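Work through the exercises below with the sequence and the structure side by side. Try each task before reading its solution.

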Amino acid sequence: MLPLNDLCWLPDRISLRPLSTLESSHNLKAGARKVLERYYSLNSVGMFTGNHTQMLQETLSALVGANKNITHMQGYLIYAKTQTHNTFFETPWLDEIAIGCGIGHWETLTVSLNHCASALSAIHLLKSRVIKSQQPMILLTGEKAFHSDINKLDNSVMAEVPAAMLLNAGHSRWQINHTAVRHLSSFYNNHRESTAARRRELFSSLEQDYYDFYTYVLDKFHLSIGDIDAIVPGNIDMPMLKRIADKLKFRGELFTEHISGYGHAYCSDILFNVSSLLERFDGKRILCVAMGMGITMSCILIEKNEINEVKHVSTTFGSE
């Protein structure tokens, strides 16, 4: 059990840019834009108004400011990212952000595990260490979509949405009770050099693989789909997400309300989506699933702490 103490993102610092304005910055041509709008229900993309350092420092500062007690503790600050070339090893940039937010004495670490599944994979990887240490951990996410060659996918546009999650900082209303990761080795290198026919064959199987992962984690967690009150997926391919939910016969809430407006925010999707959901959530269990290139699928199960039954988790929303 890993207490989930707080979640933070800064909606006031994010502008929603219509797809029609992205041709010069994202090289998004009219034909591609129409496909995204018509088939994937994408209307705009979230863009942060500050630079990379600012977006992370402002988010972390808002989280720490709402939980000042953690500044007197030892802990772990983990930055999970997708891109391997947006931070610099020759400077202690993450240490400097931690110092500026009052937790400069914490251990800092940057992880890039499996693209957009890295945030949930980091929880899976580090949970035992964090629990044994009896110290808090902050998971920090958020990247700049800075280059037109990599800031879009076939089914989405990359968004700039920093977010932070505070774990293991004392008793909490919500907790992460289970995690799981599965890697599909057949998708190594995404078959960039395979024939078009072979790529179509492989990616036509991806929807079944995604469905199989849901059934795998439910079996692993000893739950049925009826035990799940909400599913929070990554912000990808809304039509496929809805088909998976239908195939699972899922009757709870599939949280997709940010996909059309914000696009796909690298590792941040789950964090800022869960933060929004918990503002008005009355259920008990939330299944969060992220998919990263490779393909790797990562999952966490968030459950209400029945020992201290309350209606809502306190989430932190920063402002400019």
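**Exercise 1.** Determine in which sense strand 11 and strand 12 pair, and over how many bridges.

*Solution.* In this predicted model, strand 11 (residues 285-292) pairs with strand 12 in the antiparallel sense, over 8 bridges. To place the pairing on individual residues, start from alanine 290, whose bridge partner in strand 12 is serine 298. Next, turn to strand 8 (residues 174-183), which runs antiparallel to strand 12 and is joined to it by 9 bridges. Here glutamine 175 can serve as a landmark, since this residue stands opposite glutamate 303 in strand 12.

**Exercise 2.** Decide how many residues of strand 12 are buried, and whether one face or both faces are covered.

*Solution.* The cut-off needed is that a buried residue has under 20% relative accessible area. By this criterion 9 of the 9 residues of strand 12 (residues 296-304) are buried, so the strand is largely enclosed by the rest of the structure. Taking the faces in turn, Thr296, Ser298, Ile300, Ile302 and Lys304 are buried on one side, while Met297, Cys299, Leu301 and Glu303 are buried on the other, so that both faces are covered.

**Exercise 3.** Describe the geometry of the aromatic pair of tyrosine 79 and tryptophan 93, and find which elements the pair ties together.

*Solution.* The structure holds 7 aromatic pairs. A pair of aromatic rings is described by the distance of the centres and the angle of the planes. For tyrosine 79 and tryptophan 93 the centres are 5.4 Å apart and the planes stand at 90°, so the pair is edge-to-face. Tyrosine 79 belongs to strand 4 (residues 76-80) and tryptophan 93 to helix 4 (residues 93-100), and the pair therefore ties together parts that are 14 residues apart in sequence. Both tyrosine 79 and tryptophan 93 are buried.

**Exercise 4.** Characterise the pair of phenylalanine 213 and tyrosine 216, and state for each residue whether it is buried or partly exposed.

*Solution.* The rings of phenylalanine 213 and tyrosine 216 lie 6.1 Å apart, centre to centre, with 35° between the planes, and the pair is tilted. Both residues are in helix 7 (residues 206-220), 3 residues apart, which is about one turn of the helix. Phenylalanine 213 has 0% relative accessibility and so counts as buried, whereas tyrosine 216, with a relative accessible area of 27%, is partly exposed. The ring of tyrosine 216 also has a charge over it, because the charged end of arginine 182 sits 4.1 Å from the ring centre.

**Exercise 5.** Locate glutamate 160 and list the polar contacts of its side chain with lysine 144 and alanine 145.

*Solution.* Glutamate 160 is found in the loop between strand 6 (137-141) and strand 7 (163-167), and at 3% relative accessibility it counts as buried. The side chain of glutamate 160 makes a polar contact of 2.9 Å with the side chain of lysine 144, and a polar atom of the glutamate side chain lies 3.1 Å from the backbone nitrogen of alanine 145. Setting aside residues up to four places away in sequence, glutamate 160 also touches others, including Ile14, Gly46, Met47 and Phe48.

**Exercise 6.** Find which residues have the most contacts inside the largest nonpolar core.

*Solution.* The largest nonpolar core has 75 residues, and Ile138 and Leu139 are those with the most contacts inside it. Beyond its neighbours within four places in sequence, leucine 139 is in contact with several residues, among them Ile78, Ala119, Met165 and Leu271. Apart from this core lies another, of 30 residues, including Ile228 and Ile236.

Technical notes
Residues are numbered from 1 along each chain as its sequence is written. This is a predicted model: local features need pLDDT of at least 70, side-chain atom pairs count only at pLDDT 80 or more; totals for chains, interfaces and linings use all residues. Side-chain values use heavy atoms; hydrogens and water are left out. A nonpolar core is a set of buried Ala, Val, Leu, Ile, Met, Phe, Trp, Tyr and Cys residues joined through side-chain atoms within 4.5 Å. Buried means under 20% relative accessible area, exposed over 50%, partly exposed in between (1.4 Å probe, protein chains only). Contact means heavy atoms within 4.5 Å. Rings of Phe, Tyr and Trp (its six-membered ring) pair if their centres lie within 6.5 Å; planes under 30 degrees apart count as stacked, over 60 as edge-to-face and the rest as tilted. Helices (H or I, at least four residues) and strands (E, at least two) are DSSP runs, numbered from the N terminus. A charge sits over a ring if NZ of Lys or CZ of Arg is within 6 Å of the ring centre and within 35 degrees of the ring normal. Two strands pair if DSSP finds at least two bridges between them. A polar contact is a pair of N or O atoms within 3.5 Å; within protein, one must be able to donate a hydrogen and the other to accept it, and residues adjacent in sequence count only if both atoms are side-chain atoms.
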